[in-house]
Amino acid sequence: MKRILTASLFGLSLATSGLAHAEPVKIGVITTLSGGGAGLGIDMRDAFQLAIKQSGNKDIELVVEDDAQKPELAVQIAEKMIQGDKVDLMTGIIWSNLAMAVVPNAVAQDIIYLSPNAGPSALAGANCNANYFNVAYQNDNFHEAMGEYANKDYKNTFILAPNYPAGKDALTGFKRYYKGTLSGEVYTQVGQTDYAAEIAQIRASGADSVYFFLPGGMGIAFMKQYAQSGVGIPVMGPSFSFDQDVLPAVGDAALGVKNSASWSPDLDNEASKAFVESFKAEYDRLPSIYAAQSWDTANLILSALSKASVKDKDAFRAALKAADFKSVRGDFAFNNNQHPIQNIYVREVVKDGDVLTNKIIATAFEKHKDAYAEQCGL
Amino acid sequence: MFTALLIEQLLNGLQLGVMLFLMAAGLTLIFGVMGLINLAHGSLYMVGAFACATIAAATGSFWLGLVASLAAAAGVGALIEVAVIRRLYDRDHLDQVLATFALILILSEGARWLFGSFPLYLDIPRQLQGAVPLPGGGQYQLYRLAIIAVGFLVAIGLYLLISKTRLGMRIRAGESDREMIAALGVDISTLYTVVFALGAALAGLAGALVGALQSVQVGMGEPVLILAFVVIVIGGIGSIKGALVGAVIVGVVDTMGRFLLPSLLALTMPAAQATTIGAALASMLIYVVMALILAFRPSGLFAAET
């Protein structure tokens, strides 16, 4: 009898401890793991997985899928994750055209989506959503910073970006703060690899500087061709064209280029140093801005999970919005449209030993907010 | 200043065309001789670029890398032909497309497994760095001029090979009647392997040359492959001359469209709109040209008479 009693007590205690412990959480990660944009998605995924691993939280289950940078594929994966895997949260999308295809539909089905990179303007203003959190930036932000910084040295800039939502946001952002004249404005194809025609236009335009937003392989191709073309006027860009994922392939052509970002490997705060160190130890390479943003996304989710159950949507959204986590970017808060209020820095590409990396040289904006927040009804 | 820009853009179009020719020549040769649709041709382009980048990084010499790219692409091509493609000649085109699509996936994932997902570094050789002055006050990148020269040399070489040598005679014979030349005692399976390896080597050469300009990464071959198919459809399937003319048309039309359309549209509408619409129209332009050419010459400009 006594034995039965102990056994049942033991069983009960097991059962209750199971209850007291947080319930399982399923996070769907859709990101680009193949094709020309794979470097960005892999950094995103690796940092996310590392953050979850370090937290020691065993209740989180990740469902990771490759979108191959194709919107139609991303939509299918999202449907499968929502209907089939019954995920609680979604994250991971790098590209704005994919985010536009997936996010509005997912948040309408009451799935909370946290963006680790893409921040299209269409989702930041009147169409903001309580279920949509952008942990990275609004697309315009880095470009606004560079537009502001360019006022210092340049009067006549040639700007170019790919023809997709983030490309248009980029040039809009740059123009919002840039006071000089534009000697040319060109939209290229997404995934374009040859920029000879555009470089010829830059040469003929008489510009005193070039601003370009070409993430991933596009930027590598542009920089290599530009360096060889003999045009020679200074270039600048957002961090996406000069980050850790592309610098080794661009080579010394990138040395000295100024670029803007919310984070840099040399940013002086505890969280950032710990992040860079553990990322290097785990993967034997320096993290990119995509890795940093993804690390923050994971830590934001972890902070909210420690406060509220993911099943109680209202409480969980409030816990996310509090942004009570140690960001690698230092001060971090959400604006009313659930996009970040953060500092944007100007960095310069430098050589640290044999490795090309970035170093912060100025702060373009402190506690910067995006231009669309006012139109958001949240 | 405008003439200089125009000359520069024409050269850019020519360079793009010549690069497409290197891809399309192999593709059209393989289709013409063996009747095989090879979707994996873009992967051979990638193999060439990766081989060049790896050897150039190890030895510090771009030229050794270039040799390696030819050898690696031809080697992989011959291996694929013997292992897979040989079994496909008698199947219909759907089976060929399926099998060669599988090869794309295998080669891409293989490259990712060996080299990782991050782009590799490959720079232009020191002798070809920098730009040269153009008539009219412009400047042009020396390396691109070198690519144009290589492309035309390859075109002349292929012409001589096909019209003047015994191998070329067999290739032409294989194109018109493969049963007959087999009956005449020509070792048809070796001939096929040689033609496939030759086509692969040309793709590898294109990959290595372009890899130094762009980025060497997994999946770099597929966008070029689509353009190469457009080229051989315009030029006439199976015709090397057609591939050259088609490639130059596609290269020049694409480059000029990207450059002229936005400024032409700007005459009739606000500048901001003109740049967006112009960019969108420019990306469709080569397909419009292809449709127009096919409307008047349904089997391409220089279709082989079969």
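I take helices and strands here as DSSP runs, numbered from the N terminus. The model I examined is predicted.

**Entry 1: cavity count.** I looked up the enclosed spaces with a volume of 30 Å³ or more and recorded 6 cavities. I then took up the two at the head of the ranking by volume.

**Entry 2: the largest cavity.** I noted a volume of about 120 Å³ for the largest cavity. Its lining comprises 16 residues, and those closest to the centre are N117(A), Y137(A), Y164(A), A166(A) and F213(A). I sorted the lining by class and found 11 nonpolar residues, 5 polar residues and no charged ones. Which domains supply this lining? I found that domain 1 (24-139 + 267-343) and domain 2 (140-265 + 345-374) of chain A each contribute at least three residues.

**Entry 3: the second largest cavity.** I recorded a volume of about 70 Å³ here. From chain A, the lining takes A196(A), I199(A), R203(A), Q225(A) and S229(A); from chain B, it takes E8(B), N12(B), Y140(B), Q141(B) and R144(B).

I next assigned the lining to secondary structure. In chain A, α7 (196-205) and α8 (217-229) each supply at least two residues, as do α1 (2-34) and β2 (139-141) in chain B. Which element gives the most to this lining? I found it to be α7(A), with 3 residues.

By class, I noted 3 nonpolar, 4 polar and 3 charged residues around the second largest cavity.

**Entry 4: summary.** I retain two descriptions: the largest cavity is lined from two domains of chain A, and the second largest is lined by residues of chains A and B.

Key: Residues numbered from 1 in each chain as written. Chains lettered and ligands numbered in written order. Predicted model: local features only at pLDDT ≥ 70, side-chain atom pairs only at ≥ 80, totals over all residues. Heavy atoms only, no water. 1 Å grid on protein atoms, 1.4 Å probe; cavity = no way out; pocket = protein on both sides within 12 Å on 5 of 7 lines; lining within 4 Å. Points joined across faces, edges and corners; volume = space filled by probe spheres on them. Nonpolar A, V, L, I, M, F, W, Y, C, P; charged D, E, K, R; others polar. Domains from an automatic or database assignment. Helix = DSSP H or I, 4+ residues; strand = E, 2+ residues; numbered from the N terminus.
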